[in-house]
Every structure is written in structure tokens, then in C-alpha cells.
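Biologist: Let us go through this model together. I will ask what each label rests on.

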Amino acid sequence: MSVRYRFPVGFVWGSATAALQVEGATNSDGRGPSVWDVFCRDHPEKIFEGATPDMACDHYHRFREDVREMREIGHNGYRFSISWPRLFPDPRGPVNQSGADFYDRLIDCLLENGIEPNVTLYHWDLPHSLGETGGWECQETVDRFTDYARSCFARYGDRVTLWSTINEPGWSALNGYITGLHPPCKQDQGAFVRAATGLMEAHARAVAVGHESSPNAKIGIVLNLSPIHPATPSEKDLDAARMADGMLNRWFLEPAIRGEFPEDIMYLYESRGILDRRLDRDLIRKGTVDFLGVNYYYPHHASAAADETAFFLNTSGRREEACQFSLAGLFRFVPNPEGRFTDWGWEIDPEGLHQSLIRADRYRHGIPLYVTENGIGRQESLIGETVDDSERIEYLQSHLKAVHRAIADGANVKGYYMWSLMDNFSWLNGFKKRYGFLFIDRTTLARFKKKSAYWYREVSLANGF
Ligand code: BG6
């Protein structure tokens with residue numbers, strides 16, 4: 001392949017997954033239930049075709065085959081998450097040895113194959129019993145997360161250097177506590193602020209214990225920094241976009257990079273009477289990161305015309321089912337009239353990835369950045385032994401060009417993890433929305449490399465395209 005876009009030496013070419021979305025084996029070897037297992041069981045109507053993560057991709061049993069696939073796709077890095085309820089079925093009890101052994105085997109297997117692990121501690125699978133006692137609104141969850149993080153650093157810190165504490169705390173708090181689309185399905189702005197703050201305190205505690213126990217560890221957080229543009233140049237829409245950006249991006253970005261919550265948003269929450277959790281500023285200062293993980297899918301466009309509170313997510317891939325997000329009196333996200341969209345209504349705009357990386361770099365110039373998720377969900381089927389996903393190749397090319405441009409503009413981007421290694425349990429979308437380099441046959445769970453996997457192998461070997 002002739003190379004026009006060359007990446008820095010040592011660039012990480014990988015992909016990402018999350019425990020609940022790929023592992024399956026939810027009742028095996030002593031794993032406990034997570035809030036998502038219980039939510040899927042009790043509310044099949046909220047998930048496309050009533051899908052559950054029970055089997056997912058059975059990565060728990062097939063991880064060796066999956067690591068072999070990664071090597072064949074040219075990976076030198078892999079981002080995955082540890083399942084908290086697999087390690088601690090009772091988060092107040094002892095470690096579950098068989099669960100802990102699984103990650104030993106996975107990490108060893110990756111290293112034997114020259115693939116560097118980037119381990120996320122929390123990708124939304126909160127142990128169910130902590131959900132029942134108040135989830136992220138409660139101090140106890142922060143305390144138990146600290147114990148769990150300490151145990152992961154102690155057990156795997158000799159082999160794992162790259163750690164991410166929490167995946168998308170903003171998205172997790174937003175959907176758990178404002179839109180009510182994810183467990184615990186609340187629609188309460190006060191609860192959102194408590195949870196958003198609790199997640200950032202948990203992050204800071206994990207950074208502190210990680211640095212204490214593993215001095216070589218590089219500890220980061222994974223944020224979805226979707227740029228939020230005003231829908232029109234009007235002053236009102238500019239304010240709406242600023243507010244949305246403060247609540248969904250800066251509340252997480254500023255503590256992670258600067259060690260401080262943004263004053264203006266603190267003031268906004270106070271003035272609305274929804275900041276009732278004491279902020280531990282000393283603790284937050286300890287949570288500044290060694291690197292930032294940036295997840296990017298699409299930008300938002302915010303309008304001030306938000307008369308009602310209403311949320312709807314297209315989980316079917318039918319284009320007529322328009323996504324809706326409106327918070328009365330605050331902001332409403334509207335589709336870009338000039339945008340290109342996936343079947344699930346997600347705008348395709350590579351420029352937003354460039355903007356997110358440059359923005360992070362402006363906060364702290366030179367901070368190591370990884371694109372920890374980026375990809376496109378599609379409806380796909382096998383043709384022979386592969387899938388023609390040329391659209392994904394085109395998507396990756398355009399987004400990797402944006403990454404390349406961010407590097408040329410001075411951002412220290414060190415790697416790219418495509419979402420995802422394999423088609424997986426896509427939360428509310430079940431299994432119809434396919435993101436993988438590997439097609440998973442839902443009947444046999446056999447893996448098939450898509451066209452994009454062969455393309456990515458060439459890119460990774462050439463360190464560019
Ligand atoms: C990210 C999550 O927000 O988006 C992933 O970290 C998720 O876990 C990805 O799968 C794509 O979202 P979805 O809902 O289409 O699977």
C-alpha cells in the first residue's frame with residue numbers, strides 16, 4: 001500500500017470492546033449480576049428485539065481465538081474493560097478467584113501476541129447490589145469502586161501500563177439519570193448532578209490509588225467529547241450550546257485535565273438548586289490524568305427552543321424513527337439539516353473528531369491522547385465468508401485523516417482503537433447494529449473477518465494509508 005497519511009512511530013492500531021457487550025458467560029464461574037443484566041431481564045420491551053447480554057459473543061470462552069484474530073488484523077493494542085461484577089459478585093465481599101483468573105489469562109495471551117492492553121475499569125456494568133443501594137448517587141459506590149480499582153492495580157499492574165478509569169461518565173450519568181434510557185432509568189436533574197459528581201470522585205480515587213500502587217501506570221479516563229454546535233448563530237442558541245457543553249463535556253473534561261470542576265456550571269447547578277453533593281475539591285485535584293481517551297461518534301447541534309422534556313433513541317435502524325433529545329428550559333438537540341446520517345440517525349462528521357482532539361490538546365498541550373472509540377454501526381450480512389463493508393472503510397479513512405490532521409496541528413495522538421473488534425451487544429440496540437471488524441454469526445457465534453479487517457491490517461502494517 002502506498003502511504004500518503006503516515007502516523008508517528010509506535011502508533012497504536014487497535015480496537016475496543018466492553019465486558020458486558022462481548023463476554024457473555026454472565027452466570028458462569030461465580031460472576032454476579034450487573035444492573036444491565038437485571039434491566040435487560042426485567043425490561044425486554046426497552047431493548048431492540050428483547051436482546052440480552054447473556055451470551056453476547058462468548059468472548060469469555062473464545063478469547064484465545066479473538067486474540068488470534070486481533071493479531072491477524074495487525075493489532076498492537078486492544079482496549080477492553082474488566083467486569084466489576086465478575087471480579088466482585090458481592091462488591092462488599094472478597095474477590096472471585098475464577099473471574100480474576102480470566103483477566104490474567106486474557107492479559108497474558110495479549111502480551112504473548114505483542115498486543116498492549118488498555119484496560120478500562122468501568123464500562124457501565126455496575127454490580128446490581130450497588131444499584132439497589134443508590135448507584136452513583138451514593139458515597140458507598142465510590143468507596144467500593146476504590147476497593148475494586150485497588151485490587152485491579154494490585155493484580156494486573158505488573159503487566160498492564162495503560163489504564164482508563166471510567167468510560168464516558170457523562171453519557172452514563174445522562175442516560176441513567178436524565179433521559180432514563182439506561183438503568184437506573186431516572187429522570188431527575190438533581191440525581192444526574194449527584195451521579196456525575198460521584199463518577200468523577202470515583203475516577204479521582206482510582207487515579208490516586210493507581211499512582212500509589214503502580215508508579216509506572218499511565219492512568220486516563222475515556223470521555224465522549226462530542227462537539228456541541230449552536231443550531232443557529234443566534235445568541236440564544238449559542239447559550240444553549242454553551243450550557244449543553246458545560247453539562248455534558250466540561251463537567252468531566254475539566255476535572256480530568258485541570259483537577260477542577262468548571263465554576264460556571266457549578267454556579268448553574270447551585271442556582272437551579274440541584275447541587276446538593278458536597279464537592280471534595282482536594283480529591284478532584286488528585287484525579288488529573290496521564291492521558292485522555294477520546295470517544296467520538298457524532299457532533300450535536302443545540303437549540304434553545306426546548307419547551308418540553310422528551311427523549312427517544314432510534315434503536316431499530318429504521319430511518320423514520322428520529323432521535324429526540326430535549327430538556328425543557330435548557331436545550332434541545334436538533335439534526336443538522338445538511339448532515340449525513342447512519343440508519344440509526346447518527347450524523348457522520350469526521351471534522352468533529354479533529355475538533356475534539358484539538359480541544360483536548362488546548363486544555364493541556366502535549367497531553368497524550370488516544371482515540372478510544374470511533375466507528376459506524378451498520379446492518380450487515382455475510383456474503384460467503386466475509387462482509388463487504390466498504391462504507392466502514394470509507395468511514396475509517398475519513399476519520400483517520402482527521403486524526404492525522406490533528407497530529408499535524410500539534411496534538412499528541414498516540415493511538416486509535418476502532419469500535420469495535422466484533423459485532424456485539426449494542427446496549428438498547430441489541431444485536432442488529434453491527435460495529436465489528438469481525439462479523440459474528442448470531443446462531444453459531446462463528447467469527448468472519450469483514451473487508452475492513454483486511455484493510456485495517458494493511459494500514460497497521462504500513463503505519464498509515
Ligand atoms: C459508546 C459506548 O458510547 O458508544 C459503547 O462506550 C457503545 O459501549 C458505543 O457500544 C456505540 O453505541 P451503541 O449504542 O450504538 O452501541
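Biologist: What makes the pair between the side chain of Glu-168 and an oxygen atom of the ligand a polar contact?

Modeller: First, the ground rules. This is a predicted model, with residues numbered from 1 along each chain as its sequence is written. Local features need pLDDT of at least 70, side-chain atom pairs count only at pLDDT 80 or more, totals for chains, interfaces and linings use all residues, and side-chain values use heavy atoms, without hydrogens and water. Now the pair. A polar contact is a pair of N or O atoms within 3.5 Å. A side-chain N or O atom of Glu-168 is 2.7 Å from a ligand oxygen. That meets the cut-off.

Biologist: Which other side chains make such contacts with an oxygen atom of the ligand?

Modeller: Gln-21 is one, with an N or O atom at 2.7 Å. Trp-427 is another, with a polar atom at 2.9 Å.

Biologist: How much of the ligand does the protein bury?

Modeller: The protein buries 93% of the 380 Å² that the ligand exposes alone (Shrake-Rupley areas, 1.4 Å probe).

Biologist: Which residues come nearest to the ligand?

Modeller: Gln-21, His-123, Glu-168, Ser-426 and Tyr-435, out of 16 around the ligand (a heavy atom within 4 Å). By class, that shell has 7 nonpolar, 6 polar and 3 charged residues.

Biologist: Why is the protein chain called as compact as a globular protein of its length?

Modeller: The chain has 15 helices and 15 strands (DSSP runs of at least four residues, H or I, and at least two, E). Its radius of gyration, over C-alpha atoms, is 21 Å. The globule rule (2.2 Å times the number of residues to the power 0.38) gives 23 Å for 465 residues. The two values are close, so the chain is as compact as a globular protein of that length.

Biologist: Where are the cis peptide bonds of Pro-184 and Ser-420 placed?

Modeller: Pro-183 and Pro-184 are joined by a cis bond, omega about 10 degrees. Pro-184 is in the loop between α8 (169–177) and α9 (189–213). Trp-419 and Ser-420 are joined by a cis bond too, with omega about 15 degrees. Ser-420 lies in the loop between β13 (413–419) and β14 (438–440).

Conventions
A polar contact is a pair of N or O atoms within 3.5 Å; within protein, one must be able to donate a hydrogen and the other to accept it, and residues adjacent in sequence count only if both atoms are side-chain atoms. Ala, Val, Leu, Ile, Met, Phe, Trp, Tyr, Cys and Pro count as nonpolar, Asp, Glu, Lys and Arg as charged, and the others, Gly among them, as polar.
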